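Work through the exercises below with the model open. Each task is followed by a stepwise solution.

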Amino acid sequence: TGMALYTYVPSKSELVDLMYDRALAELPTHYDRTAGWRAAVTEWARTYWEFLLRHPWVLQVSSARPVLGPNEFATMETLVKLFDGMNVPAAVLKHIVGTLTSFVSGTARTVAETRQAPIATGMSEDDWWYARSAALTETAPDFAERYPAVVRMEADSQTQHDDSMPYLERESLETFTAGLGFLLDGIEAAITRAVKTAEADRGTR
């Protein structure tokens, strides 16, 4: 029975921790860096994103108080090693790892919530948006005048899409793809700057 599990673990909290660390064992512990660190990190991010969407319950495990299991450490070790040999200062590398992990989990969480919403509310995504659009038109007829930058951004960003995917899920996928590129650009610039600063500091000693 389900309750028989508690012969082996004291509570649901410990059970979820064990499940979480076991699930992390699915993730690869090696990525090919032949094509450079950016390609390897991109592959890591996509693999981790897909893992989170296969197991959306993992997103409910607190990152503020990590499980500290062996597979959780192996997951972090894998990401950190993608920057081996680049002379990235430890403090900068720590921020890079945290930023990448937060970005991937944040965008995956939006997709997971999008998929769960129709089940939880009994309302399809299209029905939800139609209802809100009608309410906005009624309660804020001057919406375009009040929020012109938002309206302009939405209007100018409209392109042909595959309607087989829910709107928010599609938007989240596009945000993940584009955002990862922006993030890697920033990381590349930060690494270059940090390495030059470190080399300059060594040169003045």
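**Exercise 1: A residue in α8**

R170 is found in helix α8, where helices (H or I, at least four residues) are DSSP runs numbered from the N terminus. The model is predicted: local features need pLDDT of at least 70, side-chain atom pairs count only at pLDDT 80 or more, and totals for chains, interfaces and linings use all residues. Residues are numbered from 1 along each chain as its sequence is written, and side-chain values use heavy atoms, with hydrogens and water left out.

Task: decide whether R170 is buried or exposed.

Step 1. Set the cut-offs: buried means under 20% relative accessible area, exposed over 50%, and partly exposed in between (1.4 Å probe, protein chains only).
Step 2. R170 has 11% relative accessibility, so R170 counts as buried.
Step 3. Compare with T110: R170 and T110 are 60 residues apart in sequence and 11 Å apart in space, C-alpha to C-alpha.

**Exercise 2: Helix α2 and the core**

Task: find the span of α2, its buried residues and what it gives to the largest nonpolar core.

Step 1. Helix α2 covers residues 37-54, 18 residues in total. The expected span is 1.5 Å times one less than the number of residues. From first C-alpha to last, α2 reaches 26 Å, close to the expected 26 Å.
Step 2. Buried residues of α2 include W37, V41, W44, Y48 and L52. The cover over the buried residues of α2 includes α1 (12-24), α3 (70-81), α4 (90-121) and α8 (167-203).
Step 3. A nonpolar core is a set of buried Ala, Val, Leu, Ile, Met, Phe, Trp, Tyr and Cys residues joined through side-chain atoms within 4.5 Å. The largest one has 39 residues, and W44, F83, L100, V104 and I187 have the most contacts inside it. Elements giving two or more residues to this core are α1, α2, α4 and α8. The most comes from α2, with 10 residues.
Step 4. Take F83, with contact meaning heavy atoms within 4.5 Å. Beyond its neighbours within four places in sequence, F83 is in contact with R33, W37, V41, L93, I96, L100, I187 and I191.

**Exercise 3: Empty space**

Task: describe the largest pocket and the largest cavity.

Step 1. Work on a 1 Å grid over the protein atoms alone: a cavity is a set of points where a 1.4 Å probe fits but cannot get out, a pocket is an open set with protein on both sides within 12 Å along at least five of seven lines, and lining residues have an atom within 4 Å of a point.
Step 2. The largest pocket holds about 740 Å³ of space. Of its 26 lining residues, Y20, S63, E72, M76 and T101 are the closest to its centre.
Step 3. α4 gives the most to this pocket's lining, with 8 residues. By class, the lining of the largest pocket has 16 nonpolar, 7 polar and 3 charged residues.
Step 4. The largest cavity has a volume of about 40 Å³. Its lining is L27, P28, Y31, W44, T75 and T78.

**Exercise 4: Positive phi**

Task: place L68 and N87, and give the phi of L68 and of N87.

Step 1. L68 sits in the loop between α2 and α3. Its phi is near 65°, a positive value in a residue other than glycine. L68 counts as exposed, at 53% relative accessibility.
Step 2. N87 sits in the loop between α3 and α4. Its phi is near 60°, also positive in a residue other than glycine. N87 is exposed, with a relative accessible area of 57%.

Terms used:
Grid points are joined across faces, edges and corners, and a volume is the space filled by probe spheres set on the points. Ala, Val, Leu, Ile, Met, Phe, Trp, Tyr, Cys and Pro count as nonpolar, Asp, Glu, Lys and Arg as charged, and the others, Gly among them, as polar.
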